[in-house]
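Biologist: I am new to this structure and would be grateful for a close look at one part, namely whatever enclosed space the interior may hold. Please describe its walls and then the parts of the chain that are tied to them.

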Amino acid sequence: MAHATEKKEWRPVEEINWIVYRIRRVLHQNCIQNKERTKNPSSRRVTQPKMAFDILLETIRFCSKAPTQPEIETPPSMATKVYIVYYSMYGHVEKLAEEIQKGAASVEGVEVKLWQVPETLQDEILGKMGAPPKSDVPIITPSELAEADGLLFGFPTRFGMMAAQFKAFLDATGGLWRTQQLAGKPAGIFYSTGSQGGGQETTPLTAITQLVHHGMVFVPIGYTFGAGMFEMEKVKGGSPYGAGTFAGDGTRQPSEIELEQAFHQGKYFAGIAKKLKGTA
């Protein structure tokens, strides 16, 4: 019965040490021969530099044929996920959300996704209210909130508080509250009101209670928007709590400076979320 050929294990250290030993031995012999030649010039014995050179070539060939170690793949960097979750009946909050998305996406290493919360009113009622059809932005479920590293919530006001549609969505997050899956996550707020006295500050202020019960970290924009926070010549929504706009009778759309503030909030919030994830 033929014996199976054993596969020899490649031992680079032993092989290289053996080659180095051979080189040193040849060089040592050369030194002895040179001394003898100095004492006896008529000696015909010559040095053997070629042998040492041949061994060096053998070493190079050996190293070039040696099996290479597998390359270690660098794991892809985990991007910071920012979810922008909103409810918009007439499109004002949605426009702010789109601009916030642009701002957040401008931060390197941040992935941003837009989500809508479910509508609670019937199409017939929405039609009578003159609400346009919903966009194709996907509808989020409460459990999907846990996937995000940071959350920005947007909604219109109803008597100085968030709209019932968004409140109904948050009321369905009891499972996340019980397991504390949102605790420690940064969260921001943006909004739309009908008039200057319609809840530009009370709407986000009363919404903070939802974040508190989940143990989330509220991230306001403060006065980081700079001179835009002190604009007095133009009608401008928003506050230190977050970006905002005035809808008026529904025909007014977010102004340029309101959109700039929304972009700023997205960029500012994404930077904070990225830092918090990096230190987690």
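Modeller: The account below begins with the whole chain, turns to the enclosed spaces, and then follows the elements around them.

The model is predicted, so local features are given only at pLDDT of at least 70 and side-chain atom pairs only at pLDDT 80 or more, while totals for chains, interfaces and linings use all residues. Residues are numbered from 1 along each chain as its sequence is written, and side-chain values use heavy atoms, with hydrogens and water left out.

The protein chain has eight helices and seven strands; these are DSSP runs numbered from the N terminus, with helices (H or I) of at least four residues and strands (E) of at least two. Of its 280 residues, 38% count as buried, a term that means under 20% relative accessible area, whereas exposed means over 50% and partly exposed lies in between (1.4 Å probe, protein chains only). The chain exposes about 17300 Å², of which carbon and sulfur atoms supply 58%; the areas come from the Shrake-Rupley method with a 1.4 Å probe, and for residues only the protein chains shown count as cover. Among contacts with a separation of 6 or more, 74% join residues 24 or more positions apart, a contact being heavy atoms within 4.5 Å.

The enclosed spaces are the part requested. A cavity is a set of points, on a 1 Å grid over the protein atoms alone, where a 1.4 Å probe fits but cannot get out, and its lining residues have an atom within 4 Å of a point. Points are joined across faces, edges and corners, and the volume is the space filled by probe spheres set on them. Two cavities of 30 Å³ or more are found in this way.

The largest cavity has a volume of about 40 Å³. Its lining consists of F153, F155, M162, F166, L170, I189, A207, Q210 and L211. Two or more of these residues come from each of β3 (150-158), α5 (164-171) and α7 (202-214), and α7 gives the most, with three. By class the lining has eight nonpolar residues, one polar and no charged. Here Ala, Val, Leu, Ile, Met, Phe, Trp, Tyr, Cys and Pro count as nonpolar, Asp, Glu, Lys and Arg as charged, and the others, Gly among them, as polar.

The second largest cavity holds about 30 Å³ of space and is lined by F153, L170, L182, Q210, L211 and H214. Helix α7 again supplies the largest share, three residues. This lining divides into four nonpolar, two polar and no charged residues.

The surroundings can now be followed outward, starting with α7. V212 has its place in this helix, yet V212 counts as exposed because its relative accessible area is 56%. The C-alpha atom of V212 is 9.0 Å from that of A183, 29 residues away along the chain.

Helix α5 carries a charged pair. K167 forms a salt bridge with D171, with 2.7 Å between the closest N and O atoms; such a bridge is a side-chain nitrogen of Lys or Arg within 4 Å of a carboxyl oxygen of Asp or Glu. The two residues are four apart in α5, which means a separation of about one helical turn. K167 is partly exposed, because its relative accessible area is 30%. In general, side chains of opposite charge can pair when their charged atoms come close. The structure holds six salt bridges.

Two loops deserve mention. F159, in the loop between β3 and β4 (161-162), has a positive phi of about 55° although it is not a glycine, and F159 counts as exposed because its relative accessibility is 88%. Q180, in the loop between α6 (174-179) and β5 (186-193), also has a positive phi, near 55°; at 38% relative accessibility, Q180 is partly exposed.

One link leads from the lining to α8 (residues 256-278), where Q265 lies. Leaving aside residues up to four places away in sequence, Q265 touches nine residues, I100, L152, G188, I189, F190, I221, Y241, G242 and A243; of these, I189 is also named in the lining of the largest cavity. Q265 counts as buried because its relative accessible area is 1%.

Note on methods:
1 Å grid on protein atoms, 1.4 Å probe; cavity = no way out; pocket = protein on both sides within 12 Å on 5 of 7 lines; lining within 4 Å.
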